[in-house]
Amino acid sequence: MREPAPIDPTTLSAEALAQHYRSGALSPLEAARAVLGRIARLNPQLNAVIALDGEGALAAAARSEARWRADRPLGPLDGVPLTVKDNIPVAGLPCRWGSPAWPGTIPARDELPVARLRAAGAVILGKTNVPEFTLEGYTDNTLFGPTRNPWNTRLTPGGSSGGAVAAVAAGLGPLAVGTDGGGSIRRPASHTGLVGLKPTPGRAPRADGLPAILLDLEVIGPIARTVGDAALLLEAMGGPAARGPSFPAPRLRIRYVPRFGASPVDPGIAAAVAAAAGRLAALGHRVEEGPPPFDPEAILPLFPAIASAGLAWLLGSLPGNPSPASPALRAMAGAGRSMPAAALFAALDGMAAFRLSMARFLSTDCDAILTPSAAALPWPATESHPPEIGGQPAGPRGHAVFTNFANLGALPGIALPCDPVAGMPAGFQLVGAPGAEGTLLAVAREYEAAHPWAQRWPELP
């Protein structure tokens, strides 16, 4: 009789790890050692984790193991390894924000969502790489260098949660905590074949964090391989209301928006997202193609206005008013310094009006908006953006046009994998009304059950 294959903890979901801990088939220490070994082997080629706390992780795993043996786990994430993005303070680990201009102090306190995860027994492995001040759509900086996509290490995983998604996609922990200020969870998730959720502001409350240079446009959210894992992570950070309902998903009225005006979209991505729209319709949702319920030319420029002002304010508050290392961010900071106060308040007023209009639209006209997560496939890891998409010229934010309306509108959005394109992952997003995380997660679970993706893994040595 053939012996059962040994369990590889690095390929298991958080839910599966907890099941094995409960049965005694696997221990948190075994899982932590396996993941740390995989980090040692793979991280040098990916550069996803830039601050590792192996000793602290093993100590936390040992405490978790004692709780499981006593049948007193702290919750479903007790003993589950995870990483935290390097713009979220973790006590005892450096927080560099990807910039030599930011003081490299070691925080004494966790930011609130991290503190909640620690209290739930999660095993914090370390910090993941980001672009400077988390304001660019790829992941590279002068402190740590570029992070590479596990599916093709010549290419970027996107940004700004690039280190976070690279870690999960490569099996360097089943979960990662990221942030999304303009699509920084959803686009990288689509580039690496993962689930990424941008919650409604306040769903994962924040305290003891870095300066809020994007106001409440930036939120903390989960990155995972499965919808169930994303729901567990959001619940631990934000409370039970974050979980999707256990009953069948509601039938949604979905506005399918394949493009924003004349902005180019990779044809392979367009076809894969169209197929996903058809699959949602086959599941019983009412999917109707239409234009975006706003003028992208009027709404999307609000984001760079707020980001420029926020960066200029941050740098002006630091000793010596330092300059970013990135030329693009130096230009952004200059634009922020020269921006009249009236222009900033006009952007804020425009955002407030947009939030009201989107809340109305998503309560009367439809329940969710479906778009591609990103307009482009991943591009070379050291380049900030693809100069062309689908053979058409594209500017620095051309790949990112689909995501920041959800941040400006204070709306939750979930990114899910669709069919791969040219051997690389691609994704679509569903954006719902404020507070609709549970509905989005329920529909995402339904879609995942019909069209699973969790067993797609990149080929890594």
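Begin with the whole chain, whose secondary structure comprises 14 helices and 13 strands; these are DSSP runs, helices being H or I of at least four residues and strands E of at least two, numbered from the N terminus. This is a predicted model, in which local features need pLDDT of at least 70 and side-chain atom pairs count only at pLDDT 80 or more, while totals for chains, interfaces and linings use all residues. Residues are numbered from 1 along each chain as its sequence is written, and side-chain values use heavy atoms, with hydrogens and water left out.

**The whole chain**

Display the C-alpha trace and orient it along the principal axes: the C-alpha atoms fill a box of roughly 65 × 60 × 40 Å. The radius of gyration is 21 Å, which agrees with the value near 23 Å for a compact globule of 461 residues; it is taken over C-alpha atoms, and the globule rule is 2.2 Å times the number of residues to the power 0.38.

Next, colour by burial. Buried residues account for 59% of the 461 residues, where buried means under 20% relative accessible area, exposed over 50%, and partly exposed in between (1.4 Å probe, protein chains only). Of the contacts between residues at least 6 apart in sequence, 76% join residues at least 24 apart; a contact means heavy atoms within 4.5 Å.

Then select the charged side chains. There are 37 positive and 36 negative ones, and the centres of the two sets lie 2 Å apart. Lys and Arg count as positive and Asp and Glu as negative, with His and the chain ends not counted; each charge is placed at NZ of Lys, CZ of Arg, CG of Asp or CD of Glu.

**First stop: T139**

Select T139, in the loop between strand 3 (123-128) and helix 5 (162-169). T139 is buried, with a relative accessible area of 0%. Show its polar contacts, defined as pairs of N or O atoms within 3.5 Å; within protein, one must be able to donate a hydrogen and the other to accept it, and residues adjacent in sequence count only if both atoms are side-chain atoms. A polar atom of the T139 side chain lies 2.7 Å from the backbone oxygen of G158, and the side chain also reaches the backbone nitrogen of G162 at 3.3 Å. Beyond four places in sequence, T139 touches residues including N129, P131, T147 and S160.

**Second stop: A277**

Move to A277 in helix 8 (residues 267-282). A277 is buried, with a relative accessible area of 4%. Add Y256, V287 and L370 to the selection: A277 touches these residues, not counting those up to four places away in sequence. Finally, draw a distance from A277 to I254, 23 residues apart along the chain; their C-alpha atoms are separated by 9.0 Å.
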